[in-house]
Amino acid sequence: MTLRLDFVTIDAHDPRALADFWVDVLDDYAVHDEEEGDDEVAEDDEVAILPASRRGPKLLFQKVPDDKVVKNRFHFDL
């Protein structure tokens, strides 16, 4: 069986702000806007940024209610 890295998922208190920061830092990335009418996820509970060149990982910032008190939290979605 072969696995493929789909997203690097990062927990965030404010996903939109963190996504905007990384879009500014990473030249080739842009915020991915979901299609209209997608009620599965509340607005800005998850924000994805994708490389325009399709080279590099996709990053997904997901809202978590708890404050950060230790190291950054992230996981790989395969």
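Is Lys58 buried, exposed or partly exposed? Lys58 is partly exposed, with a relative accessible area of 22%. Welcome to a short tour of this predicted model, a protein with one helix and five strands. Reading from the N terminus, its elements follow the order β-α-β-β-β-β.

**Confidence**

- A good place to begin is the mean pLDDT, which is 80 for the protein, with 76% of the residues reaching 70 or more.
- Strand β3 has the highest confidence, at a mean of 93, while strand β5 (residues 74-77) has the lowest, at 62.
- Please take care with residues 37-41, where pLDDT stays under 50; for this stretch the model has one contact beyond four places in sequence.

**How the strands pair**

- Strand β1 (residues 7-12) runs parallel to β4, and six bridges join the two.
- Within that pairing, Ile10 has Phe61 of β4 as its bridge partner.
- Strand β4 (residues 58-63) also pairs with β3, this time antiparallel and through four bridges.
- On the other side of the list of pairings, β3 (residues 46-51) is joined by four bridges to β2 (residues 29-32), and these two strands run antiparallel.
- Ile49 is a handy residue to follow here: its bridge partner in β4 is Leu59, and Ile49 is in turn the β3 partner of Val31.
- A hairpin is formed by β3 and β4, with six residues between them; in its turn, Arg54 has a positive phi of about 65°.

**Burial and surface**

- Buried residues account for 22% of the 78 residues in the protein.
- Strand β1 is largely enclosed by the rest of the structure, because six of its six residues are buried.
- Its side chains are split between two directions: Phe7, Thr9 and Asp11 point one way, Val8, Ile10 and Ala12 point the other way, and all are buried.
- The accessible surface of the protein comes to about 6,200 Å², and carbon and sulfur atoms contribute 51% of that.
- Phe21, Trp22 and Val25 make a nonpolar surface patch of about 270 Å².
- Val25 of that patch sits in helix α1 (residues 15-25) and counts as partly exposed, at 43% relative accessibility.

**The salt bridge**

- The structure holds one salt bridge, in which the side chains of Asp6 and Lys58 meet at 2.8 Å, N to O.
- Asp6 lies in the segment before β1 and Lys58 in strand β4, so this pair ties together parts that are 52 residues apart in sequence.
- As general background, side chains of opposite charge can pair when their charged atoms come close.
- Asp6 counts as partly exposed, at 24% relative accessibility, and Lys58 is likewise partly exposed, at 22%.
- Both values clear the burial cut-off, because buried means under 20% relative accessible area.

**Contacts across the sequence**

- Among contacts in the protein with a separation of 6 or more, 61% are accounted for by residues 24 or more positions apart.
- For a concrete pair to look at, take Asp67 and His13: they are 54 residues apart along the chain, and their C-alpha atoms are separated by 6.7 Å.
- You will find Asp67 in the loop between β4 and β5, where Asp67 is exposed, with a relative accessible area of 52%.

Note on methods:
Residues are numbered from 1 along each chain as its sequence is written. Side-chain values use heavy atoms; hydrogens and water are left out. Two strands pair if DSSP finds at least two bridges between them. Patches are made of residues with over 30% relative accessible area and no salt bridge: like charges are joined within 9 Å, nonpolar side chains (Val, Leu, Ile, Met, Phe, Trp, Tyr) within 5 Å. Accessible areas come from the Shrake-Rupley method with a 1.4 Å probe; for residues, only the protein chains shown count as cover. A salt bridge is a side-chain nitrogen of Lys or Arg within 4 Å of a carboxyl oxygen of Asp or Glu. Buried means under 20% relative accessible area, exposed over 50%, partly exposed in between (1.4 Å probe, protein chains only). pLDDT is the predictor's confidence in each residue, from 0 to 100. Contact means heavy atoms within 4.5 Å.
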